Amino acid sequence: MVGDWGLAVWTWLIAYKFQLAITLAMVVFYFASERFFAPKLAETVDNARFRTGTTTKALSVARAIAGTFGILVLLFVWGVDLGNVLVFATTAITLLGVALFANWSLLSNVTSYFVLLAHPSFRRGDFIRVIDVDNYTEGYISELNLFNTKLITENREVVLYPNNLLLSRPMLVNPKDRLSGMGKVGVPAGVKSDSAMP
């Protein structure tokens, strides 16, 4: 009885050796990348002086994305209804591509979150001015969240600026002169834009 069971297991292992090898390689790769990338990401966050919770949030999102793609690869390797998996995978990749990189998408803020997190010039406590055509917003970087960045103006006002707009707009980091927090470019601080027009 035990011999028959052992023979059946051995036959199954031989029959699925390729799938088992890929599965083992994926698991090893996942844990190896976890040991390599997690400290690097934590070091990046520490260098940017963001809060401790930012590291946990970034690691959770990175693990979720890596795990999802790993599961899709394993489903493909193990032959789970390839037609449906292929349709699902192409649909998911298309949706993720649009969602993560289109400026109008909320998920593009998550992509921008990781870019800003790794950017050496974007650190907590820096004073920035974001220029949007002829308008500007400026303040101290207080907090970086998944969807927006919290800026504190010199008047102690809180501005939540979407991450994807921060990447797509010109930004001055620690400018020499300070303006009034928000307004029109070229209008001196304390002067209303209506009175500045001819």
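## Buried, and the chain as a whole

Buried here means under 20% relative accessible area, while exposed means over 50%. Thr 149 comes in at 0%, so this residue counts as buried. Keep in mind that what you're looking at is a predicted model.

Zooming out, the chain has seven helices and six strands. Going along the sequence, they come in the order α-α-α-α-α-β-β-β-β-α-β-β-α. The chain has 198 residues, and 29% of them count as buried. If you take the contacts with a separation of 6 or more, 59% come from residues 24 or more positions apart.

## The nonpolar core

The largest nonpolar core has 20 residues, and the members touching the most others are Leu 117, Phe 122, Ile 128 and Leu 166. Two or more residues each come from helices H2 (17–47), H3 (52–77) and H5 (108–118), and from strands E1 (127–132), E2 (135–144) and E4 (158–162). H5 is the top contributor, with four residues.

Leu 166 is a good place to start clicking around. Skipping neighbours within four places in sequence, Leu 166 contacts Leu 116, Phe 122, Ile 128, Val 130, Thr 149, Tyr 161 and Met 171.

## Helix H5

How many of the eleven residues of H5 are buried? Eight are, so the helix is largely enclosed by the rest of the structure. The buried set starts with the run Ser 108, Asn 109, Val 110, Thr 111, Ser 112 and Tyr 113, and also takes in Leu 116 and Leu 117.

## Thr 149 and the E3–E4 hairpin

Back to Thr 149, which sits in strand E3. Its side chain makes a 2.7 Å polar contact with the side chain of Asn 163. Beyond its neighbours within four places in sequence, Thr 149 has a long contact list: Leu 116, Phe 122, Ile 141, Glu 143, Leu 144, Val 159, Leu 160, Tyr 161, Asn 163 and Leu 166.

E3 (residues 148–152) runs antiparallel to E4, and five bridges join the two. One of the residues involved is Asn 148, whose bridge partner in E4 is Pro 162. Side chains alternate along E4: Val 159 and Tyr 161 point to one face and are buried, whereas Val 158, Leu 160 and Pro 162 point to the other and are not. Together E3 and E4 make a hairpin with five residues between them.

## Two odd phi angles

Most residues other than glycine have a negative phi. Which residue in the hairpin turn has a positive phi? That's Arg 156, at about 65°, and this residue is not a glycine. Arg 156 belongs to the loop between E3 and E4, and its relative accessibility is 67%, so it counts as exposed.

Asn 174 also has a positive phi, about 50°, without being a glycine. You'll find Asn 174 in the loop between strands E5 (171–173) and E6 (182–184). With 43% relative accessibility, Asn 174 counts as partly exposed.

## Strand E2: Glu 138 and Ser 142

Glu 138 is located in strand E2. Is Glu 138 buried or exposed? Its relative accessible area is 1%, so Glu 138 is buried. The side chain has a polar partner, though: a 2.9 Å polar contact joins Glu 138 to the side chain of Arg 129. Leaving out neighbours within four places in sequence, Glu 138 is in contact with Phe 127, Ile 128, Arg 129, Thr 153, Arg 178, Leu 179, Ser 180 and Gly 181.

Ser 142 is in E2 as well. Its relative accessibility is 13%, so Ser 142 counts as buried. Ser 142 and Phe 127 are 15 residues apart along the chain, with 9.5 Å between their C-alpha atoms.

## The largest pocket

If you're after cavities to poke at, the largest pocket has a volume of about 510 Å³. Its lining takes in 20 residues, and those nearest the centre are Tyr 30, Ser 33, Ala 62, Arg 63 and Ala 66. H2 and H3 are the elements that give two or more residues to the lining. Of the lining residues, ten come from H2, which gives the most.

Technical notes. Residues are numbered from 1 along each chain as its sequence is written. This is a predicted model: local features need pLDDT of at least 70, side-chain atom pairs count only at pLDDT 80 or more; totals for chains, interfaces and linings use all residues. Side-chain values use heavy atoms; hydrogens and water are left out. A nonpolar core is a set of buried Ala, Val, Leu, Ile, Met, Phe, Trp, Tyr and Cys residues joined through side-chain atoms within 4.5 Å. Buried means under 20% relative accessible area, exposed over 50%, partly exposed in between (1.4 Å probe, protein chains only). Contact means heavy atoms within 4.5 Å. A polar contact is a pair of N or O atoms within 3.5 Å; within protein, one must be able to donate a hydrogen and the other to accept it, and residues adjacent in sequence count only if both atoms are side-chain atoms. Two strands pair if DSSP finds at least two bridges between them. On a 1 Å grid over the protein atoms alone, a cavity is a set of points where a 1.4 Å probe fits but cannot get out, and a pocket is an open set with protein on both sides within 12 Å along at least five of seven lines; lining residues have an atom within 4 Å of a point. Grid points are joined across faces, edges and corners, and a volume is the space filled by probe spheres set on the points.
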